[in-house]
Amino acid sequence: MSEATPVPREVKDLKDMNDLVSLCKRRGFVFPSSEIYGGINACWDYGPLGVELKRNVKELWWKAMTDREDIEGLDAAILMHPRVWEASGHVEGFVDPLIDCKKCKSRFRADKIPAGAVSSKKCPECGGELTEPRQFNLMFKTFMGPVEEDAAVVYLRPETAQGIYVNFLNVHQSSRQKVPFGIAQIGKAFRNEITPGNFIFRTREFEQMEMQYFVKPGTDMEWFEKWKQARIEWHLAHGIRRSKLRFHEHGKGELAHYARAAFDIEYEFPFGWQELEGIHNRGDFDLSRHQKFSGKKLEYFDEDSKERFLPYIIETSAGCDRSLLVALVDAYRFDGERTWLSLHPSLAPYKAAIFPLMKKPELLEYSDRIFGEVKKRFHATTDSAGSIGKRYRRHDEIGTPIGVTIDYDTLSNHTVTIRHRDSMAQERIPAQNIVQILEQKFASWNA
Ligand code: GAP
């Protein structure tokens with residue numbers, strides 16, 4: 001149970017993404033996909049702890065959305081009618097300008113390398129000659145049915161949002177929601193990114209957590225502001241540091257074809273400030289396009305004012321994998337000796353780990369009883385392998401907020417030691433109050 005008295009050390013954040021990649025592999029958060037075959041570029045698999053963390057991210061988001069009376073859930077198919085992607089503008093406009101180096105074969109997005117390199121056609125990597133930019137559509141194509149012909153082309157959805165727009169009337173009519181109301185969805189999206197990378201930051205297969213909020217035209221900017229605030233508060237509530245988050249407003253040249261206004265919530269990664277989530281005022285672009293392309297009226301009838309209109313849409317669009325990456329990057333701490341993930345308990349894969357001090361039957365039996373109680377309330381684990389110091393370290397690295405140790409004193413006075421991951425401080429508490437005490441500690445974690 002005892003640990004060397006903590007010597008105050010300088011605590012550092014994550015500087016090198018490779019340190020996180022290796023922790024994730026070693027501890028079972030994230031593995032390279034198809035690794036025994038050499039891996040496949042920009043695809044990753046979530047291991048035992050990764051799925052727990054991801055489930056927590058999704059459940060927190062889902063709860064924040066659907067606990068509200070004005071938001072309904074949806075789970076639309078990944079494969080949609082191909083006309084959806086014509087209406088949405090993706091067939092025509094979801095393109096990146098691709099440039100190749102003829103010498104070193106590096107591939108770039110023309111809008112992501114210095115303009116001078118594009119105009120001089122000089123590779124920023126090796127100085128070799130660059131090709132002219134060519135437009136490359138990011139949607140993955142496949143075929144529906146047995147014949148691979150143009151008429152059978154379908155796309156893997158590049159965003160979940162369109163499934164919501166085409167179901168707007170179904171949800172409105174079946175749920176009897178009135179504008180303003182929202183539809184929330186979590187699901188896979190696929191983009192054939194030219195320059196994926198930075199671990200799970202930009203991948204070709206990922207999950208989105210999107211909510212589309214349908215409002216009366218004229219009230220859109222008010223709702224846009226409300227959702228901007230609600231979304232940044234959601235990230236803060238789960239422990240992401242305020243100093244690492246900021247808003248970035250899209251200027252005129254940056255706005256997507258559908259957007260009247262857009263802000264990104266950005267996070268400061270070791271590789272710079274990058275988008276974590278987008279909040280967009282999409283106006284009536286989506287519903288008017290689907291109305292036009294499908295020939296079906298998608299107007300909303302307001303029974304109070306007897307008006308008929310196409311609602312405007314405020315979208316909040318977060319990457320689930322990217323939120324998970326932010327949770328890991330933000331939580332990573334290293335003090336020269338010890339590495340730990342300072343994850344908020346709501347995100348941590350295990351909320352508590354129960355440690356019998358030694359593998360002695362009387363300690364194991366007591367420990368099992370405590371574990372049985374704790375796991376009724378929290379996702380917890382028990383660990384009796386190796387020295388207690390090693391076990392603490394193992395759980396520090398996977399972000400378990402609290403360790404509960406059962407020793408010989410426990411047998412005589414029914415108290416256990418709880419150890420705090422971040423401070424390594426230890427307290428002796430009555431064993432019978434363990435669940436209640438954990439509840440209190442987690443409830444006041446950020447306070
Ligand atoms: N419906 C709007 C939309 O899809 P987006 O800005 O293209 O907007 C929203 O994507 C979010 O999805 C991003 O903020 C990011 O978190 C996530 N995302 C987008 N492309 C991604 C990729 N290739 N890999 C991982 N996450 C991605």
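Let's start at one edge of a sheet: S11 and S12 pair in the antiparallel sense over 5 bridges. Helices and strands here are DSSP runs, numbered from the N terminus, with at least four residues (H or I) for a helix and at least two (E) for a strand. Two strands count as paired if DSSP finds at least two bridges between them. Before going on, please note that this is a predicted model, in which local features need pLDDT of at least 70 and side-chain atom pairs count only at pLDDT 80 or more, while totals for chains, interfaces and linings use all residues. Residues are numbered from 1 along each chain as its sequence is written, and side-chain values use heavy atoms, leaving out hydrogens and water.

Within the S11 and S12 pairing, Arg246 stands opposite Glu266 in S12. The loop between these two strands holds His250. Is His250 buried or exposed? It is buried, with a relative accessible area of 16%; buried means under 20%, exposed over 50% and partly exposed in between, using a 1.4 Å probe and protein chains only. Setting aside neighbours within four places in sequence, His250 is in contact with Leu255, Ala262 and Asp264, where contact means heavy atoms within 4.5 Å. With Asp264 there is a polar contact between the two side chains, at 2.9 Å. A polar contact is a pair of N or O atoms within 3.5 Å; within protein, one must be able to donate a hydrogen and the other to accept it, and residues adjacent in sequence count only if both atoms are side-chain atoms.

Moving along S12, 8 of its 9 residues are buried. A hairpin through 2 residues takes the chain from S12 to S13. Strands S12 (residues 261-269) and S13 (residues 272-283) run antiparallel and are joined by 9 bridges. Phe269 stands opposite Gly272 in S13, and Ile265 has Glu277 as its bridge partner.

Now for the whole sheet. It is open, has 7 strands in the order S3-S9-S10-S16-S13-S12-S11, and its pairing is mixed. Strand S3 (71-74) and strand S11 (245-249) stand at the edges with a single partner strand each, so one side of each has no neighbour in the sheet. On average, neighbouring strands are turned by 25 degrees against each other, direction ignored.

Two helices lie across this sheet. Helix H9 (residues 285-294) crosses strand S10 (205-215), S13 and strand S16 (312-319), running at about 60 degrees to S13. H10 lies across S10, S12, S13 and S16, at about 35 degrees to S12. These angles run from 0 to 180 degrees between N-to-C directions, with axes fitted to C-alpha atoms, for helices over the stretch in contact.

H10 also leads us to the largest nonpolar core, which has 56 residues; Leu20, Phe29, Trp227 and Leu325 have the most contacts inside it. Such a core is a set of buried Ala, Val, Leu, Ile, Met, Phe, Trp, Tyr and Cys residues joined through side-chain atoms within 4.5 Å. Helix H10 (residues 320-331) supplies the largest share of this core, 8 residues. Apart from this core lies another, of 21 residues, including Ile370 and Phe442.

Finally, which residues are closest to the ligand? They are Glu159, Glu193, Thr203, Glu210 and Glu275, among 21 that surround it, each with a heavy atom within 4 Å. A polar side-chain atom lies 2.6 Å from a ligand nitrogen atom in Glu159 and 2.8 Å from one in Glu193. For Glu210, the distance from a side-chain N or O atom to a nitrogen atom of the ligand is 2.5 Å.
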